[in-house]
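Reader: Hey, can you walk me through this one? I'm new to reading protein models.

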Amino acid sequence: MTAASTPPIHVLRGILRHIKKTAPSSSTTAAAATSSQSNSGNELSLHQHVISQYRQSISATPQQAQHLRKVAYDYLNLKKDLVERGRLHELDSGADMKLSPRELSRRAAARAGLQLPVMDEGHVDQ
């Protein structure tokens, strides 16, 4: 989907969903509690800011509204991609301890769109 074909309300809901997901979990220590309160205040102000921007875009000119939709859509895609990258990074952490050097090389080549040459099993790596 593109910014032009995605309804603005769907983008708004997606952004608000990501804001809600990034809210810190409740803690038991006093320092963490005050930090949590300031973070929830930041979350609330960000939530309010996003909603106010959405409301302002309703009364914007068609060109401005289209620009704001593109910005919001790009932001939503950025947040989704960053969450996915974090998830993949967590999956990949510790791979150097679990995988052989050959497998690490194969995966690095695959990320770059390359394939390592097939080597005989009897061939010793040096």
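Author: Here is a short chat about the helices, a few residues and the pockets of this predicted model.

Reader: Cool. How many helices and strands are there in the protein chain?

Author: The chain has five helices and zero strands. Read from the N terminus, the order is simply α-α-α-α-α.

Reader: And how much of the chain counts as buried?

Author: Of its 126 residues, 13% are buried. As for contacts between residues at least 6 apart in sequence, 63% of them link residues at least 24 apart.

Reader: OK, since it's predicted, what's the mean pLDDT?

Author: The mean is 79, and 79% of the residues get to 70 or more. One stretch to watch is residues 26-34, where pLDDT stays under 50. The model gives that stretch one contact beyond four places in sequence.

Reader: What do I do with a stretch like that?

Author: Where pLDDT is low, don't read the predicted coordinates in detail.

Reader: Got it. Let's do helices. What does α3 look like, end to end?

Author: Helix α3 covers residues 62-92, which is 31 residues. From the first C-alpha to the last it reaches 44 Å, close to the 45 Å expected at 1.5 Å a residue. Just after α3, Gly94 has a positive phi of about 80 degrees.

Reader: And α1, how does its span compare with what it should be?

Author: Helix α1 has 14 residues, so at 1.5 Å a residue it should span 20 Å. Its end C-alpha atoms are 20 Å apart, so the two agree.

Reader: Which residues of α1 are buried?

Author: They are Val11, Leu12, Gly14, Ile15, Leu16, His18 and Ile19. In α3, the buried residues include Ala65, Tyr73 and Leu76.

Reader: I see some of those numbers sit three or four apart. Is there a general reason to look for that, or what should I know about helices?

Author: An α-helix has 3.6 residues a turn, so residues three or four places apart point the same way.

Reader: Nice. Let's zoom in on His18. Is it buried or exposed?

Author: His18, which is in helix α1, counts as buried because its relative accessibility is 12%, and the cut-off for buried is under 20%.

Reader: What does His18 touch, if you skip residues up to four places away in sequence?

Author: His18 touches Leu76, Lys79, Lys80 and Val83. Take Lys79, which lies in α3: its C-alpha is 7.3 Å from that of His18, although the two are 61 residues apart in sequence.

Reader: So what else is Lys79 in contact with, beyond its sequence neighbours?

Author: Leaving aside neighbours within four places, Lys79 is in contact with His18 and Thr22. Lys79 has a relative accessible area of 22%, so it is partly exposed.

Reader: And Tyr73, what about that one?

Author: Tyr73 is in helix α3 and is buried, with a relative accessible area of 13%. The C-alpha atoms of Tyr73 and Val11 are separated by 6.1 Å, with their positions 62 residues apart along the chain.

Reader: Anything from α2?

Author: Try Ser57, which lies in α2. Ser57 counts as buried because its relative accessible area is 18%. Apart from neighbours within four places in sequence, Ser57 is in contact with Ala65 and Leu68.

Reader: Switching topic: pockets! How much space lies in the largest pocket?

Author: About 390 Å³. It is lined by 19 residues, and Ile15, Val50, Gln53, Leu68 and Ala72 lie nearest its centre. The elements giving two or more residues to that lining are α1 (8-21), α2 (30-58) and α3.

Reader: Which helix gives the most to the lining?

Author: That's α3, with seven residues. By class, the lining of the largest pocket has 14 nonpolar, four polar and one charged residues.

Reader: And the second largest pocket, how much space is in there?

Author: About 280 Å³. It is lined by 11 residues, with Arg102, Arg106, Leu116, Pro117 and Met119 closest to its centre.

Reader: What classes of residue line the second largest pocket?

Author: Five nonpolar, one polar and five charged. For the largest pocket, again, the lining has 14 nonpolar and one charged.

Reader: Great, thanks, that helps!

Notes
Residues are numbered from 1 along each chain as its sequence is written. This is a predicted model: local features need pLDDT of at least 70, side-chain atom pairs count only at pLDDT 80 or more; totals for chains, interfaces and linings use all residues. Side-chain values use heavy atoms; hydrogens and water are left out. Helices (H or I, at least four residues) and strands (E, at least two) are DSSP runs, numbered from the N terminus. The expected span of a helix is 1.5 Å times one less than its number of residues. Buried means under 20% relative accessible area, exposed over 50%, partly exposed in between (1.4 Å probe, protein chains only). On a 1 Å grid over the protein atoms alone, a cavity is a set of points where a 1.4 Å probe fits but cannot get out, and a pocket is an open set with protein on both sides within 12 Å along at least five of seven lines; lining residues have an atom within 4 Å of a point. Grid points are joined across faces, edges and corners, and a volume is the space filled by probe spheres set on the points. Ala, Val, Leu, Ile, Met, Phe, Trp, Tyr, Cys and Pro count as nonpolar, Asp, Glu, Lys and Arg as charged, and the others, Gly among them, as polar. pLDDT is the predictor's confidence in each residue, from 0 to 100. Contact means heavy atoms within 4.5 Å.
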